[in-house]
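Q: I am new to this structure and would love a close look at one spot on it. Could you start from a single residue, and then walk me through the parts of the fold one after another?

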Amino acid sequence: MPKFQFKPQESLLLVIDIQERLHQAMEEAGKTAYIKNSGILIKTAQAFGMPIVVSEQYPRGLGSTIPEIKALLGETPVHEKLAFSCWGEAPIRAAIETSGRSSVIVIGIETHVCVLQTVMDLIASGYNAVVATDAVCSRTATDRVTALAAMAAAGAVAYSTESIAFMLLERAGTPEFKQVSPLFK
């Protein structure tokens, strides 16, 4: 059961490739939800002072992180990559490894490419990979659903944004609860 429960002090947030050109290609039905939920998880991670690692896939061709997410991230460093898996890029891998965190909460796009490959590599490397099912997106719903099922079958924890946030919160009445709970109204 330990992998299904995680705490802020052992977790980091990995934001994968939420970039202009990729975002434009995402399925319309999922666009609004994954951006809203990504924002909630960024704010939740910030409320707890959790490390946030951000990647951009070939930004010269795919653009930079979309403005609504970039605004939330502030000065958080962005790591460029060419490998589909974040784990395949030494600076991103080093950022995760040196954080000392054992659980990696994953959001971003595309679910069936970069998110899937990253999650599989995280699991193979001994990390507890937690996928926010409503904060990831693909060009088609079939690709997203199929990739989420594959990640769960491989050992990833697949929870909704609200489940992840409240797992991190653990209880009401804390300063973090007062910051995060209004995000769900």
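A: Happy to! Let us start with Lys178, which is exposed, because its relative accessible area is 58% and anything over 50% counts as exposed. Please keep in mind throughout that this is a predicted model.

Where does Lys178 sit? It belongs to helix α9, which covers residues 175–180. One way to place Lys178 is to look at Ala153: the two are separated by 25 residues in sequence, and their C-alpha atoms lie 35 Å apart in space.

Going back along the chain from α9, you come to the loop that links α8 to α9, and Glu170 is found there. Glu170 is also exposed, as its relative accessibility is 54%. Its backbone deserves a second look: phi is positive, at about 65°, although Glu170 is not a glycine. As a rule, most residues other than glycine have a negative phi, and most peptide bonds are trans.

Before that loop comes helix α8 itself, residues 161–169, whose axis comes within 10 Å of the axis of helix α2, residues 28–48, with a crossing angle of roughly 10°. An angle under 35 degrees counts as roughly parallel, and α2 and α8 are therefore roughly parallel to each other. On the α2 side, the contact uses Asn37, Ile40, Leu41, Thr44 and Phe48, while α8 brings in Thr161, Ile164, Ala165, Leu168 and Leu169. Sorted by type, the residues of this contact are seven nonpolar, three polar and no charged.

A second pair of helices makes a nice companion to this one. Helix α6 (residues 111–124) and helix α7 (residues 141–154) have axes that come within 10 Å and cross at roughly 5°. That angle makes α6 roughly parallel to α7. From α6, the residues involved are Thr111, His112, Val115, Leu116, Val119, Met120 and Ile123, and they meet Asp143, Arg144, Ala147, Leu148, Ala150, Met151 and Ala154 of α7. This contact holds 10 nonpolar, two polar and two charged residues.

Now for the sheet. It is an open sheet of six strands with parallel pairing, and its order is β3-β2-β1-β4-β5-β6. Strands β3 (78–81) and β6 (157–159) are at the edges with a single partner strand each, so one side of each has no neighbour in the sheet. From one strand to the next, the twist averages 25°.

Let us zoom in on some of those strands. Strand β1 (residues 11–16) runs parallel to strand β4 (residues 103–109), and six bridges join them. Within that pair, Ile16 is opposite Gly108 of β4. On to the next pair: β4 and β5 are likewise parallel, over six bridges, with Ser103 standing opposite Asn128 in β5. Strand β5, residues 128–137, is mostly covered, as eight of its 10 residues are buried. Helix α5 (residues 90–99) lies across β1, β2 (52–57), β3 and β4, and runs at about 140° to β3.

Two loops that follow these strands have backbone features of their own. The loop between β1 and α1 (20–25) holds Asp17. Asp17 is not a glycine, yet it has a positive phi of about 55°. Is Asp17 buried or exposed? Its relative accessible area is 0%, so Asp17 is buried. The other loop runs between β4 and α6, and Glu110 lies in it. Here Ile109 and Glu110 are joined by a cis peptide bond, with omega at about -15°.

Finally, let us step back to the whole. The protein chain has nine helices and six strands. Its radius of gyration is 15 Å, close to the 16 Å from the globule rule for 185 residues, so the chain is as compact as a globular protein of that length. Along the principal axes, its C-alpha atoms fill a box of roughly 45 × 35 × 35 Å. Of the 185 residues, 49% are buried. Among contacts with a separation of 6 or more, 80% are between residues 24 or more positions apart.

Note on methods:
Residues are numbered from 1 along each chain as its sequence is written. This is a predicted model: local features need pLDDT of at least 70, side-chain atom pairs count only at pLDDT 80 or more; totals for chains, interfaces and linings use all residues. Side-chain values use heavy atoms; hydrogens and water are left out. Axes are lines fitted to C-alpha atoms, for helices over the stretch in contact, and angles run from 0 to 180 degrees between N-to-C directions. Helices (H or I, at least four residues) and strands (E, at least two) are DSSP runs, numbered from the N terminus. Angles under 35 degrees count as roughly parallel, over 145 as roughly antiparallel, 65 to 115 as roughly perpendicular and the rest as oblique. Contact means heavy atoms within 4.5 Å. Ala, Val, Leu, Ile, Met, Phe, Trp, Tyr, Cys and Pro count as nonpolar, Asp, Glu, Lys and Arg as charged, and the others, Gly among them, as polar. Two strands pair if DSSP finds at least two bridges between them. The radius of gyration is taken over C-alpha atoms; the globule rule is 2.2 Å times the number of residues to the power 0.38. Buried means under 20% relative accessible area, exposed over 50%, partly exposed in between (1.4 Å probe, protein chains only).
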